[in-house]
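Welcome! Have the sequence and the 3D view ready, and work through the exercises below one step at a time.

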Amino acid sequence: MFPNYPLLLFFFFQTSLISTNSQLQLPCTPPYHNGHRFCNTSLPIAARVRAFVSLLTVDEKIPLLCDNSSAVPRLGVPAYQWWSESLHGIGLNGPGANLDGVVKRSTIFPNVIGTVSSFNRTLWRSVAAAVAVQARALHNLGQAGLTFWAPTINVYRDPRWGRGQETPGEDPFVASVYGVEYVKGLQGKDLMRNDDRLMLSACCKHLAAYDMEHWHDVDRFNFNAIVTRQDMEETYQPPFKSCIMEGGATCIMCSYNEISGVPACANRELLDRARSDWGFKGYVASDCDAVSNIFNYLHYTRTPEEASAIALKSGTDVGCRSFLRDHMKAAYEKGIVEESDIDRALVNLYTVQFRLGLFDGAAGNRRFANLGPQDVCSPEHSELALEAARQGIVLLKNENGFLPWDKSRVSSLAVIGPTANTTYLGGDYSGNPCLKRNLYGGFPEYVKNVSYASGCRNVACNATYGFPEAVAAARAADYVVAVLGLDLTQESEYLDRSTLLLPGNQMALVKQLAAVCRNPLVLVLTGGGPLDVSFARDDPRVGSILWIGYPGEEGRRALTHVIFGEYNPGGKLSVTWYPESFIDVPMIDMNMRADPSRDYPGRTYRFYTGEKVYEFGHGLSYTNFSKHLLSAPSRISLSESPKKNTTATNNNKSSKISGSGQEYQNPAPRSRNLSSRWGNNIQRFVLVDEVSHCESLAFTMTVSVKNEGYRDGSDVVMLFSRAPRCYEQAPLKQLIGFDKVHVPTMGSVEVGMSVNPCERLSIVNEEGSRILPLGDHTLILGEKEYVISVEI
């Protein structure tokens, strides 16, 4: 397991010294502006926020509804920029953070799709905690705010999406867990303990059903996502629910698109649910110009004032960019917005600022004031970036154990491909890395005779005039590494792909190289999106395929460590890799389930019925692991009495878990029947909402993982479930637990996974209700299957 980095940070902060920085402007600064009631730190935050808002005039309130909120000079409140980015390091996309001051660079970790491939919860939180340290340091230097609009937790529904690289992949459970870990790490949960204060504010985005940039004549600004209640409850909303309820996120961002005809930022039902059902206590930010979008692109309102009004009244608290602010005064004067609507938004916004300590006075009185330039680009963060890059690398193919190489036996090496020579290794939402190094430069540290040829002028690879030089280099070398794939010219925000194949002539280059190589070729793939590389998968002249994603600033070391055996890869794909034929599927079709009547194959491993290049969860190692289920219940009863000798007066029905030595009593829910529309099967189930004390039904499954090879290594234990077979609309399988474990050679470890059947064995029906099917559920561990029966 990865070291508990946040815990180390806690002890560091507890013993650090306090300093001040004159560049930082804060409210409640003595001697002139610290006497206001809202500056009194002995009062509850809610009372202080109300006191602050009550002192503002309407003309002072309205300019605060913009990401670039105005100053209130008479109260000593400086201007504030809400919009900063921290997806996988300090990004320069948002104006709230800059690297133009004392600090010029910051650590760039792998983009999210790569870090998530580690399936290591501790690593995920550690990366976010490290980003928080650097962000706080920049804040103390006047180079950043404290509100960061990350993470992106949209489900990676379509492999063509240019922003899939920013996401935790296609599984809503994985996306949920990642969102929780990121938010806790960024907001300093491990440092604050039970304190309501925040280190930073995290923002989970983009709510909801946003996962396309441009397809034919449809783009994200005019897209109406038609989503069934079933898919919304089962796929699109769970990451946001978890981000709030488990992670404690203090911001959510509403997206550009409409959802079944209603713009997300004007969708009162959607935003109200976050507060009423999920307990959200933060602020809602619009995506940038999404409020303008309500009027200008979606034509949902007749006037700009109506667009601003409906966004505010529906629950959007602050507009990214100025549209909401610019038209709010007119909306107020026309009576379509009340001052109380504005006040509610300001309370939501400034409660977060007060929790961040921005209104606590001089810098010397604030926690984390010791952080400074020494905490950015630190050696510790470089090592963490290296670990994240290494754990995220996925070994897709390794014919006859071709890798790793013994460097003493590699006399000459040719490195081919344009992405081997680029220093832009972070992908979307990157800043200025502490280390700006290409991948190629790491190989001479292992092999004396290394040559390089680009083969293609750039990643688009539209021309072949560089092929002869590349082929000659390959022919002359003992071994060849081809570094190809995607970069931001092929996939990014605003840019979806139209093909799943390697760009341009890259495939032809690989084939020509493989034809002349003395030994099988190693193909290294960059980028966030899945690729149809079935030609290389099936070609014996391609010995190994490594996917490295966007590995960040330590990509060079991570790649060479894996190729030369200093690190045993253990990453797993968090998305399905589809064949090129998938591009015939309309990108705007939001339905998850397959529909044979219209040749629709479904989406993601849970519902996709077509051929695959590589499956979700695929990833090889330099060693071999075996897994065995050591303990699990065979039956969960929702109605039997837990003991036969209960007293006569105890006639209440109960729930019981048998086969594990665990017994629990609960009031029994009512069984319901549903006839299958696809046959004569009767589907029996209970509504999850009617199962009391679901947590008491949770059971632990113990799995043994044995390393049967001669290299230490890490493996990901993935446990899936499949509902009783009569439920035709249930997922083909769904992930219900995962854990990353390190196992020494010929050793074994035991992993315990807690499973709440109401959450993990349940499915969602067409009405959008979560149900727990009765009958035999199949648990899937690798190639092995086990049955657990849920009974009433």
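**Exercise 1: the largest cavity**

Thr 419, Thr 422, Tyr 424, Leu 425, Leu 486, Asp 487, Thr 526, Gly 549, Tyr 550 and Pro 551 line the largest cavity (a set of points on a 1 Å grid over the protein atoms alone where a 1.4 Å probe fits but cannot get out; lining residues have an atom within 4 Å of a point). This is a predicted model, where local features need pLDDT of at least 70, side-chain atom pairs count only at pLDDT 80 or more, and totals for chains, interfaces and linings use all residues. Residues are numbered from 1 along each chain, and side-chain values use heavy atoms, leaving out hydrogens and water.

Task: sort the lining residues into nonpolar, polar and charged.

Solution.
- Step 1: count Ala, Val, Leu, Ile, Met, Phe, Trp, Tyr, Cys and Pro as nonpolar, Asp, Glu, Lys and Arg as charged, and the others, Gly among them, as polar.
- Step 2: the lining then divides into five nonpolar, four polar and one charged.

**Exercise 2: helix H12**

Task: find out why H12 is largely enclosed by the rest of the structure.

Solution.
- Step 1: the buried residues (under 20% relative accessible area, 1.4 Å probe, protein chains only) of H12 include Pro 304, Glu 305 and Leu 312.
- Step 2: eight of the eleven residues of H12 (residues 304-314) are buried, so the helix (a DSSP run of H or I, at least four residues) is largely enclosed.
- Step 3: its buried residues pack against H10, H11, H13, H14 and H15.
- Step 4: after H12 comes Gly 315, with a positive phi near 125°.

Notes: On a 1 Å grid over the protein atoms alone, a cavity is a set of points where a 1.4 Å probe fits but cannot get out, and a pocket is an open set with protein on both sides within 12 Å along at least five of seven lines; lining residues have an atom within 4 Å of a point. Buried means under 20% relative accessible area, exposed over 50%, partly exposed in between (1.4 Å probe, protein chains only). Helices (H or I, at least four residues) and strands (E, at least two) are DSSP runs, numbered from the N terminus. Contact means heavy atoms within 4.5 Å.
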